[in-house]
Amino acid sequence: MMLKCLRAGTVLMLLLLASSPLFAQPFRQLVAGDFQGYPRFNNRGVVAYTNCTIDFRFQASHRDGEYILHFNVTLSMNSNKSWLDRARVTSAESLASILNHEQGHYNIAYLEQQEVLRTVNRTRFTANYQNEAMAIFNRIDAKYKQLNIDYDEDTGHSTNKQQQHAWDIYFAKRIEYMPPVNNGSY
């Protein structure tokens, strides 16, 4: 079960005076219905693929010598690009195992989104805010891309049950003890 959460570092910089707060959607559990795409023919033994997008947008205004940035960092589960090879799902237990592994990839994307939001929320930006904001996103994105690779390697795409269990515990603790995203903009 391979997942590469695609991160669309799509940035729209609207230089308008804005009052939109930080926005983050709540954490969610994946279900079989989230996988509506068609399996790839050359899937190299992969049973499922999860496609997530992190959209990173901000608006900036200049006031009293400060640059105020208002961020919208959204995480989308792209059901039409995510797929599950249902012909290879042999039981309810098999489906649960596949969904659990794919949930891990979604968790990684969710953790990335939350870290981006927390980081930009506590950053003071200068006149170079466009480069500063993109540098934050790119640094955090690279960290979570590597985490996705490590996750698949460590779990053998979910075949190593002991490692999968260790990652499940890791995700549960990271999500449970995640610091809140403060609603303020800089």
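Trainee: What phi does G156 take just after helix 2?

Mentor: G156 takes a positive phi of about 60° there, where helices (H or I, at least four residues) and strands (E, at least two) are DSSP runs numbered from the N terminus. This is a predicted model, in which local features need pLDDT of at least 70 and side-chain atom pairs count only at pLDDT 80 or more, whereas totals for chains, interfaces and linings use all residues. Residues are numbered from 1 along each chain as its sequence is written, and side-chain values use heavy atoms, with hydrogens and water left out.

Trainee: And H157, what's its phi?

Mentor: H157 has a positive phi of about 55° although it is not a glycine, and this residue is found in the loop between helix 2 and helix 3. S158 is found in that loop too, and its phi is also positive, near 90°, in a residue other than glycine.

Trainee: Is S158 buried or exposed?

Mentor: S158 counts as buried at 3% relative accessibility, while H157 is partly exposed with a relative accessible area of 27%. Buried here means under 20% relative accessible area, exposed over 50% and partly exposed in between, with a 1.4 Å probe and protein chains only.

Trainee: Moving on to helix 3, what caps its N-terminal end?

Mentor: N160 does, with a side-chain oxygen that lies 3.2 Å from the backbone nitrogen of Q162. The underlying polar contact is a pair of N or O atoms within 3.5 Å; within protein, one must be able to donate a hydrogen and the other to accept it, and residues adjacent in sequence count only if both atoms are side-chain atoms.

Trainee: How far apart are the end C-alpha atoms of helix 3?

Mentor: They are 22 Å apart, which agrees with the 22 Å that the 16 residues of helix 3 (161–176) should span at 1.5 Å a residue; the expected span is 1.5 Å times one less than the number of residues.

Trainee: Which residues of helix 3 are buried?

Mentor: Q164, W167 and F171 are buried in helix 3. They cover an arc of only 65° around the axis, which puts them on the same side of helix 3, the arc being that of the directions from the helix axis to the C-beta atoms. The face turned away from that buried side carries the exposed residues Q162, H165 and E176.

Trainee: What covers the buried residues of helix 3?

Mentor: The cover includes helix 1 (92–121) and helix 2 (129–155), with contact meaning heavy atoms within 4.5 Å.

Trainee: At what angle do the axes of helix 2 and helix 3 cross?

Mentor: The axes cross at roughly 145° and come within 8 Å; they are lines fitted to C-alpha atoms, for helices over the stretch in contact, and angles run from 0 to 180 degrees between N-to-C directions. The contact is made by Y144, L147, D150, Y151, D154 and T155 of helix 2 and by Q163, Q164, W167, Y170, F171 and R174 of helix 3.

Trainee: What does L147 touch?

Mentor: L147 touches I108, W167 and Y170, not counting residues up to four places away in sequence. L147 is itself buried, with a relative accessible area of 15%, and is 42 residues from H105 in sequence but 9.2 Å from H105 in space, C-alpha to C-alpha.
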